[in-house]
Amino acid sequence: KGGRFSEAEPLFIDSLKILKMHLGDDHPDVAGGLHSLAKVYQSQGKHDLAEPLYQESLKIRKQRLGSDHPDVANTLNNLAALYLALRKFTAAEPLFQESLRIRKR
């Protein structure tokens with residue numbers, strides 16, 4: 001798998017700052033940036049940093065795109081996968097189920 005996540009991390013952080021500056025804190029593109037940075041953190045095992053970013057991304061996406069949007073399903077799935085990696089099975093299951101429900105539509 002590999003990856004150069006330590007090199008990517010500051011680039012994602014800078015990108016997120018620029019998005020927020022130009023689009024505002026609750027723009028769907030900002031949610032995408034939060035999601036991407038969360039994935040970088042998760043890939044590095046920095047779960048404590050990834051979780052709040054996934055949660056914020058999910059909040060923005062639900063508010064701005066609607067609860068049944070495919071991007072919401074993607075964030076739900078990745079947050080659930082994070083919880084699964086942390087062995088938080090009761091937190092992961094409903095998120096996986098909601099993601100699946102959205103994707104079946």
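Two helices count as roughly antiparallel when the angle between their axes is over 145 degrees. Keep that cut-off in mind while you click through this predicted model.

**Stop 1: helices α2 and α3**

Select residues 28–43, which make up helix α2, and then residues 47–65, which make up helix α3. Which way do these two run relative to each other, roughly parallel or roughly antiparallel? Their axes sit 8 Å apart and the packing angle is about 155 degrees. That is over the 145-degree cut-off, so α2 and α3 are roughly antiparallel. Their crossing is left-handed.

Now show the side chains where the pair meet. On the α2 side, try Leu34, His35 and Leu37, which are among the residues making the contact. Over on α3, the contact residues include Leu53, Tyr54, Ser57 and Arg61. Colour this contact by class and you'll get 13 nonpolar, five polar and four charged residues.

**Stop 2: Thr75**

Next, click on Thr75, which belongs to helix α4, residues 70–85. Is Thr75 buried or exposed? Its relative accessible area is 0%, and anything under 20% counts as buried, so Thr75 is buried.

What does the side chain of Thr75 make a polar contact with? Draw a distance to the side chain of His35, and you'll find that polar contact at 3.0 Å. Leaving aside residues up to four places away in sequence, Thr75 touches His35, Tyr54, Ser57, Leu58 and Arg61. You've met some of these already: His35 is on the α2 side of the first contact, while Tyr54, Ser57 and Arg61 are on the α3 side.

**Stop 3: helices α4 and α5**

Keep α4 on screen and add α5, residues 89–104. The axes of α4 and α5 come within 8 Å and cross at roughly 155 degrees. That makes this pair roughly antiparallel too, and the crossing is left-handed.

Among the α4 residues in this contact are Ala73, Leu76, Asn77 and Leu84. From α5, look for Phe89, Leu95, Phe96 and Ile102, again just part of the list. By class, the α4 and α5 contact has 14 nonpolar, three polar and two charged residues.

**Stop 4: Ser99**

Finish on Ser99, in helix α5. Its relative accessibility is 2%, so Ser99 counts as buried. Which residues does Ser99 touch, not counting those up to four places away in sequence? Select Ala73, Leu76 and Asn77 to see them. Those three are also on the α4 side of the contact with α5, and Ser99 itself is on the α5 side.

Key. Residues numbered from 1 in each chain as written. Predicted model: local features only at pLDDT ≥ 70, side-chain atom pairs only at ≥ 80, totals over all residues. Heavy atoms only, no water. Helix = DSSP H or I, 4+ residues; strand = E, 2+ residues; numbered from the N terminus. Buried < 20%, exposed > 50% of the residue type's maximum accessible area, 1.4 Å probe, protein only. Polar contact = N/O pair within 3.5 Å; in protein donor to acceptor, adjacent residues only side chain to side chain. Contact = heavy atoms within 4.5 Å. Axes fitted to C-alpha atoms, helices over the stretch in contact; angles between N-to-C directions. Parallel < 35°, antiparallel > 145°, perpendicular 65-115°, else oblique. Left-handed = near helix turned anticlockwise from the far one by under 90°. Nonpolar A, V, L, I, M, F, W, Y, C, P; charged D, E, K, R; others polar.
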